[in-house]
Amino acid sequence: MREEEFYLALKACGIDFATGIPCTVQKRILEFFLADAGMWYVQAAREEEAIGIATGAYLAGKKPIVLMQNSGLAGCINAIASLCIPYRIPLLLLVAWRGYPKDTSEPPYHHVMRRCTVPVMEELGVPVHIVQREDPTLALSHSMEELARRRIPAVILLRRGIFE
Amino acid sequence: MKRYEAIREVMTSLPRNALVVTSAGHISREVHLIGDSSRIFYMMGSLGLASSTGLGLALALPESAIVVMEGDGSILLNLGSLATVAHYSPRNLTHLVLDNAAYDSTGGQPSSTTTVPLNRIAEGAGYALVLRASSREALKNALQKVWGEPFPGPSFVLVEVERGSMRERLPRVPRDPGEIAFSFMRSLGSVSPS
């Protein structure tokens, strides 16, 4: 699957508002957000700020997505714990999972968060779905189902090289 | 001017159907005591994110007056949001900072706004209208300007207030966060009444 199909799958889920901080792993997907006149993309200055912006958009009736890499997700822990979960703000978080593939050139400053990303989200009670090459939209459909049913954020983890 | 006097002035001057986001700590508690409403989003945790939530609301609801009311400690946690707000420049956003130059909710420790003028940071970022008020009269005049028609914003009002609260022990906002969000959304039609 290519990025374009994944982007269209996001749109088909009703996603109509995006914000976040760019990551190289999401460069191609971001191009579709930026080029789409029917999509809001708000460039935040910090990931936690993006959680705030997306929360405002959700309260206003939008269906937001937040894009970032997992290093930035670490800076969102309090916003998820004290805003999204207690206020029941179901945000879709598309997170680049840096540190993969392990055996190549991913730099050492990504190694600790690579390992901690899933356990930290599990401790928070935030569902995590990992995008698989065979069917990238599966992680999306599982996440959308959890957003609707549990009204909490859900994380989709995207490793480098998933799309052809 | 006491903080609660400033809040009272703001609450009585709000444009019709305004939506308000208040920051964590004593500001939310005083706003709740002065006048609770389903159109107030009390952000009781996440200190620093009130301005960003206000920005998301303002962009998604361009016809509604969006009012952010936060303290100096709150905006200092998210100064980047001043750049983001100024960059997107929603005309319907009013950003009020109640500046007592202290972390008053936690014991009055001095903040950096003791020396740093937040209004000049907002001006430098590019807010369309930046005002400063340190008396009730000045605040009243400033609010008349920012809430004139059509919206001239985004506007920033630095409201200089004294330390101290309307009561020695301010009660917490006695509402459930999930209910606050749901009532807020229902009041603006994002969810249908059930």
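**A walk through the sheet, the interface and the core**

Visitor: Which residue of β2(A) does Thr19(A) stand opposite?
Guide: Happy to show you, bearing in mind that this is a predicted model. Strand β1 of chain A covers residues 17-20 and is joined to β2(A) by four bridges, the two running parallel. Across from Thr19(A), in β2(A), stands Val42(A).

Visitor: Why is one side of β2 and of β5 in chain A left without a neighbour in the sheet?
Guide: Start with the order of this open sheet of six strands in chain A, paired in parallel: β2-β1-β3-β4-β6-β5. One side of β2 (40-43) and of β5 (128-130) is free because each stands at an edge, with a single partner strand.

Visitor: And what does the twist average from one strand to the next?
Guide: Think again of the six strands of chain A, an open sheet with parallel pairing. Going from one strand to the next, the twist averages 20°.

Visitor: Which element gives the largest share of the side of chain A that touches chain B?
Guide: Here 26 residues of chain A are in contact with 27 of chain B. On the chain A side, two or more residues each come from β2, α3 (47-59) and α5 (77-87). That side divides into 15 nonpolar, six polar and five charged residues. Its largest share, nine residues, comes from α3(A).

Visitor: How many residues does α3(A) give to the largest nonpolar core?
Guide: That core has 114 residues, and those with the most contacts inside it include Ile51(A), Ile156(A) and Val159(B). Giving the most to this core is α3(A), and its number of residues is seven.

Definitions and conventions. Residues are numbered from 1 along each chain as its sequence is written. Chains are lettered from A and ligands numbered from 1 in the order in which they are written. This is a predicted model: local features need pLDDT of at least 70, side-chain atom pairs count only at pLDDT 80 or more; totals for chains, interfaces and linings use all residues. Two strands pair if DSSP finds at least two bridges between them. Axes are lines fitted to C-alpha atoms, for helices over the stretch in contact, and angles run from 0 to 180 degrees between N-to-C directions. Two residues are in contact if their C-beta atoms, placed from the backbone, lie within 7 Å. Ala, Val, Leu, Ile, Met, Phe, Trp, Tyr, Cys and Pro count as nonpolar, Asp, Glu, Lys and Arg as charged, and the others, Gly among them, as polar. A nonpolar core is a set of buried Ala, Val, Leu, Ile, Met, Phe, Trp, Tyr and Cys residues joined through C-beta atoms within 7 Å. A residue is buried if 20 or more other C-beta atoms lie within 10 Å of its own, exposed if 12 or fewer, and partly exposed in between; C-beta atoms are placed from the backbone.
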